[in-house]
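Student: I should like to learn how to read the features of a structural model. Please take me through one.

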Amino acid sequence: MRKIAVLFFLFSGFLQAQNDSTFVDDKYLEDQIYFNLTYIQMLNLPDRISQSGFSFGLGGGFIKDFPINERRNIGLGAGLGYGLNNYFFNVKLDEAVPNDESDVVNNKIILHTVELPIELRFRGSTASKYKFWRFYPGVKIAYTFAKNTSFGKSADFNVKDFIEVNELLYGLTFSAGYNKWNLHLYYGLNDLFNETQNNDFDINISDLRVGLIFYIF
């Protein structure tokens, strides 16, 4: 009898383990750590400014998921992240001076930002399906807390006397793809730079960022 009791106990434990292994959490969340890499195209460039070099952006952070339907395949996402955006361009103040290597020197601005991404999330995930299609339109607000500049001189003027970085940036975002590989777009809605009191021409430059975003977890 003792042997039968031991076998019954072991068999019961095995069944319990099987039940635990097939447990499905119907309250799952798509909380995610993300990383993005983008190419930056500067938009609305005036005649005196031209993009040069390879402008690019890096970013990463965490997004908290808030499902809004019973199936949990539609939700809202709000997060906090860090962005590093590099802009390379040439500026020429005097239009009478020809654009050549003697009067145009490459200028660079690197922005370090704290980012707040907000997304409306449509996805094909389930509690047991971790590879799925996603469609995430949203907005992103970024605050510039630091910047590195490398300004050349053109036609005897310094670019930093004519261009001031806008500290608050915001735009529309779109991410779509399957599993960890996803297309990522950002379209800036406000100007990258502000004019200074020495500036005699308008600068209404915004940016378009195109690249990839990876959802790691």
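**Confidence, pairing and burial**

Tutor: Among the elements of the protein chain, helix 1 (residues 2-21) has the lowest mean pLDDT, 49, and strand 11 (residues 181-188) the highest, 96. Here pLDDT is the predictor's confidence in each residue, from 0 to 100; helices (H or I, at least four residues) and strands (E, at least two) are DSSP runs, numbered from the N terminus. This is a predicted model, in which local features need pLDDT of at least 70, side-chain atom pairs count only at pLDDT 80 or more, and totals for chains, interfaces and linings use all residues. Residues are numbered from 1 along each chain as its sequence is written, and side-chain values use heavy atoms, with hydrogens and water left out.

Student: Over which residues is the pLDDT below 50?

Tutor: Where pLDDT is low, the predicted coordinates should not be read in detail. One such stretch is residues 6-11, with zero contacts (heavy atoms within 4.5 Å) beyond near neighbours in sequence.

Student: In which sense do strand 5 and strand 6 pair?

Tutor: Two strands pair if DSSP finds at least two bridges between them. Strand 5 (residues 107-123) and strand 6 (residues 133-150) are antiparallel, with 14 bridges; Val114 has Tyr143 of strand 6 as its bridge partner. Strand 6 also pairs with strand 10 (residues 168-178), antiparallel over eleven bridges.

Student: Is Asn85 buried or exposed?

Tutor: Buried means under 20% relative accessible area, exposed over 50%, and partly exposed in between (1.4 Å probe, protein chains only). Asn85, in strand 4 (residues 74-91), counts as buried because its relative accessibility is 4%. Beyond four places in sequence, Asn85 touches residues including Phe56, Ile110 and Arg209.
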